[in-house]
Amino acid sequence: MWEELILAALKARENAYAPYSHYQVGAAVLTADGAVFTGCNVENASYGATCCAERTAVFQAVSAGKRKWKAVAIAGGMEGEDPSDYAYPCGICRQVLSEFGGPDLTVIVAKSPDDYREYSLGELLPSSFGGDSIK
Ligand code: THU
């Protein structure tokens with residue numbers, strides 16, 4: 001069911017810029033109207049300036065005016081290898097996803113189109129802090 005989105009994440013992973021960690025990640029956001037936006041991790045010699053793949057994809061979607069999403073697929077693994085494990089989004093990326101995705105957003109962590117796990121963002125980020133908390 002998620003083959004196309006996972007393939008998009010794997011393809012985006014090919015552009016990962018990860019000369020320091022050598023851990024390459026790709027992500028693909030599926031919007032409510034069926035568009036797909038992708039991103040990869042972009043590292044920096046000043047490590048804290050690194051941007052994760054998920055946030056790169058999120059910022060692409062939002063920059064194109066797409067704020068309603070169905071799902072995000074993530075694939076990560078060491079340079080030169082296919083993903084050997086599921087790449088779960090880091091805490092910062094879960095928080096950024098929650099800004100637009102909400103608890104029903106489907107989060108897919110994939111090794112391949114045939115080998116993946118599926119969650120809701122609410123499962124991965126329960127009791128989240130959001131815009132409603134500061135109204
Ligand atoms: N990374 C991501 O792209 N997404 C995550 O959710 C976790 C970590 C990247 C950041 C860094 O370039 C590399 O993986 C190692 O931490």
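# Ligand shell and sheet

Q: Which elements each supply at least two residues of the shell around the ligand?
A: Strand β1 and helix α2 each do so, where helices (H or I, at least four residues) and strands (E, at least two) are DSSP runs numbered from the N terminus. The model is a predicted one, in which local features need pLDDT of at least 70 and side-chain atom pairs pLDDT 80 or more, whereas totals for chains, interfaces and linings use all residues. Residues are numbered from 1 along each chain as its sequence is written, and side-chain values use heavy atoms, with hydrogens and water left out.

Q: What makes a residue count as near the ligand?
A: One of its heavy atoms must lie within 4 Å of the ligand; the residues around the ligand include Tyr23, Glu43, Ala53 and Glu54.

Q: Why is the approach of glutamate 43 to the ligand called a polar contact?
A: A polar side-chain atom of glutamate 43 lies 2.5 Å from a ligand oxygen, and because a polar contact is a pair of N or O atoms within 3.5 Å, the pair qualifies. Ligand oxygen atoms also lie 2.9 Å from a polar backbone atom of alanine 53 and 2.7 Å from a side-chain N or O atom of glutamate 54. The protein buries 77% of the 380 Å² that the ligand exposes when taken alone, areas being from the Shrake-Rupley method with a 1.4 Å probe.

Q: How do you know that strands β3 and β4 pair?
A: Pairing requires that DSSP find at least two bridges between two strands, and β3 (residues 69-78) and β4 (residues 106-112) have four, in the parallel sense, so they qualify. Alanine 73 has isoleucine 108 in β4 as its bridge partner.

Q: Why are β2 and β5 called edge strands?
A: In the open five-stranded sheet, ordered β2-β1-β3-β4-β5 with mixed pairing, β2 (36-40) and β5 (115-120) each pair on one side only.

Note on methods: A polar contact is a pair of N or O atoms within 3.5 Å; within protein, one must be able to donate a hydrogen and the other to accept it, and residues adjacent in sequence count only if both atoms are side-chain atoms.
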